[in-house]
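I am opening a notebook on this structure and will write down what I looked up, in the order in which I looked.

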Amino acid sequence: MSEQTITVDIWRGREDGRFQTFEVPRMASQTVLDVVTYVQRNLDPGLSYRFACRVGVCGSCAMTVNGKPRWTCRTHVDKVAGDATGGRLKIQPLRNLPVIRDLAVDMAEFFEKWTQAKAHFVPTKTRDDDFQQVSPDDPQRKEATAGIECINCGVCYAGCDTVAGLASYLGPAALNRAWTLVNDVRDGGQADRLKAISGVGGCQSCHTQQTCFELCPKHLNPTAAIAGLKRATVKALIKGDL
Amino acid sequence: MTPAKAETLEWLVQRVTAAILAVCVVVHLAVIVIAVQGGVTAAEIVGRVAGSVPWLLFYSVFVIAVALHAPAGLRNILRETTNLGKRQTHWIMALVCGVILVMGFRAVIGLYGLEA
């Protein structure tokens, strides 16, 4: 890399693709997404990748950057292309998901598992009922609040070795969402949800390696959420609700 | 039994036996460290465990905990590293459990029954 440019190796094609090398001008406060966007707009318009908001809200721009899954719009080049990487960037699609082309992966399986985990709110009240009072200090509400800011970027799913080894594993994101709902007093789908997240590939398959916790760009702790689910399923088992 | 129940029960058994094994292994290592001080001999081992009901109970619990704990972990490894189906891993688990129980109790009861 010269002082004015950075060398970037970008994955091209599907699973059986190859790296293509580009030289991209360096700029102050440049993000990895800026680099990919520069390549697509100036060097190779055929480059496929996915992004939307560019400010860390939508969760669509996650890629593997120098070996680790990251949200590229909030990842500064300065932070990831240091001396340890020879000042280079290596950008690949997310792991554990089928590659559509270049840096775009098929997220269908990720969201299907969200559905399998019954990680959706099941209302119990009608418009005629009064508002449910939930104190922010309530211990259950605190558990839900701790995990609620997930942006579905798939970084935890791509980083999880259990997902890599066990195809049916629901993954940290879906289980984290399920845990926020287990702690939602307004929700009416608890029994079905605990059954859905307890089978083969459910919360018990987690090895507590905490990669999801380490990598989550929103600093959530899916491992703690999964530990909570394990306790909840044991309680349900003892009560005969599973 | 539904898969949800079976999976949760297996996880619970694995965790409970892990807690039991943590204590058993500490006792086991302590006995080894103490026993080797004067040099280990067959007579010394037989003198300690033969006819001893407390040691019989301790090693029986130890063997049962291992027989339940190890197959559960082995099944997780098989699931993640092989393409074996549910039925196959189930039978491998049952076989490993049986082998540990038979070999373990053969040793435990054998030593208990020896003349001190």
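**Entry 1: chain A as a whole**

How many helices and strands are there in chain A? I counted 10 helices and seven strands in chain A, keeping in mind that this is a predicted model. I then took the extent of the C-alpha trace of chain A along its principal axes, and found that it spans about 65 × 35 × 30 Å. Of the 242 residues of chain A, 42% count as buried. When I restricted the contacts in chain A to those with a separation of 6 or more, residues 24 or more positions apart accounted for 66% of them.

**Entry 2: the two domains**

The domain assignment divides chain A into domain 1 (5–105) and domain 2 (108–239). Over C-alpha atoms, I find 29 Å between the centres of domain 1 and domain 2 of chain A. I next looked at where these domains of chain A meet, and there 15 residues of domain 1 are in contact with 15 residues of domain 2. On the domain 1 side, the elements that give two or more residues are strand E3 (62–65) and strand E4 (68–71) of chain A, and E4(A) gives the most, with four residues. Sorted by class, that side of domain 1 of chain A has seven nonpolar, four polar and four charged residues.

Because E3 came up here, I looked up one of its residues, Thr64(A), which lies in that strand of chain A. Thr64(A) has 21 other C-beta atoms within 10 Å and is therefore buried, the cut-off being 20 or more. Leaving out residues up to four places away in sequence, Thr64(A) touches Pro69(A), Gln92(A), Pro93(A), Leu94(A), Arg95(A) and Ala158(A). For the pair Thr64(A) and Pro93(A), I noted a separation of 29 residues in sequence against 5.6 Å in space, C-alpha to C-alpha.

**Entry 3: the nonpolar cores**

Which residues have the most contacts inside the largest nonpolar core? That core has 64 residues, and the ones I was after are Leu89(A), Ile91(A), Leu175(A), Ala178(A) and Leu229(A). Helix H7 (residues 172–182) of chain A contributes the largest share, seven residues, and the core draws at least three residues from each of domain 1 and domain 2 of chain A. There is also a second, separate core of five residues, which includes Tyr59(B), Val63(B), Ala65(B) and Leu68(B).

From the largest core I picked out Ile91(A), which, not counting residues up to four places away in sequence, touches Val8(A), Ile10(A), Trp11(A), Val32(A), Val36(A), Met63(A), Val65(A) and Leu103(A).

I then turned to H7(A), where 11 of 11 residues are buried. Among these buried residues are Asn176(A), Arg177(A) and Thr180(A), alongside Leu175(A), Ala178(A) and Trp179(A). What covers the buried residues of H7(A) includes helix H3 (108–116), helix H4 (139–147), helix H5 (155–159), H8, H9 and H10 of chain A.

**Entry 4: chain A against chain B**

The contact takes 13 residues from chain A and 11 residues from chain B. On the side of chain A, H10(A) gives the most, with four residues, and by class that side has five nonpolar, six polar and two charged residues.

How do H10(A) and helix H1 (residues 3–35) of chain B pack, and at what angle? Their axes are 10 Å apart and the angle is about 110°, so I record H10(A) as roughly perpendicular to H1(B). The residues that make this contact are Lys230(A), Thr233(A), Val234(A) and Leu237(A) of H10(A), together with Lys5(B), Thr8(B), Leu9(B), Trp11(B) and Leu12(B) of H1(B). By class, the residues of this contact divide into five nonpolar, two polar and two charged.

**Entry 5: two positive phi values**

Last, I checked backbone angles, given that most residues other than glycine have a negative phi. Gln210(A), which is not a glycine, has a positive phi of about 65°, and I located Gln210(A) in the loop between helix H8 (190–196) and helix H9 (211–215) of chain A. His219(A) also has a positive phi, near 55°, and is found in the loop between H9 and helix H10 (222–239) of chain A.

Are these two residues buried, partly exposed or exposed? Gln210(A) has 14 C-beta neighbours inside 10 Å and so counts as partly exposed, whereas His219(A) has 7 and so counts as exposed.

Terms used: Residues numbered from 1 in each chain as written. Chains lettered and ligands numbered in written order. Predicted model: local features only at pLDDT ≥ 70, side-chain atom pairs only at ≥ 80, totals over all residues. Core = buried A, V, L, I, M, F, W, Y, C linked by C-beta atoms within 7 Å. Buried ≥ 20, exposed ≤ 12 C-beta atoms within 10 Å, placed from the backbone. Domains from an automatic or database assignment. Contact = placed C-beta atoms within 7 Å. Nonpolar A, V, L, I, M, F, W, Y, C, P; charged D, E, K, R; others polar. Axes fitted to C-alpha atoms, helices over the stretch in contact; angles between N-to-C directions. Parallel < 35°, antiparallel > 145°, perpendicular 65-115°, else oblique.
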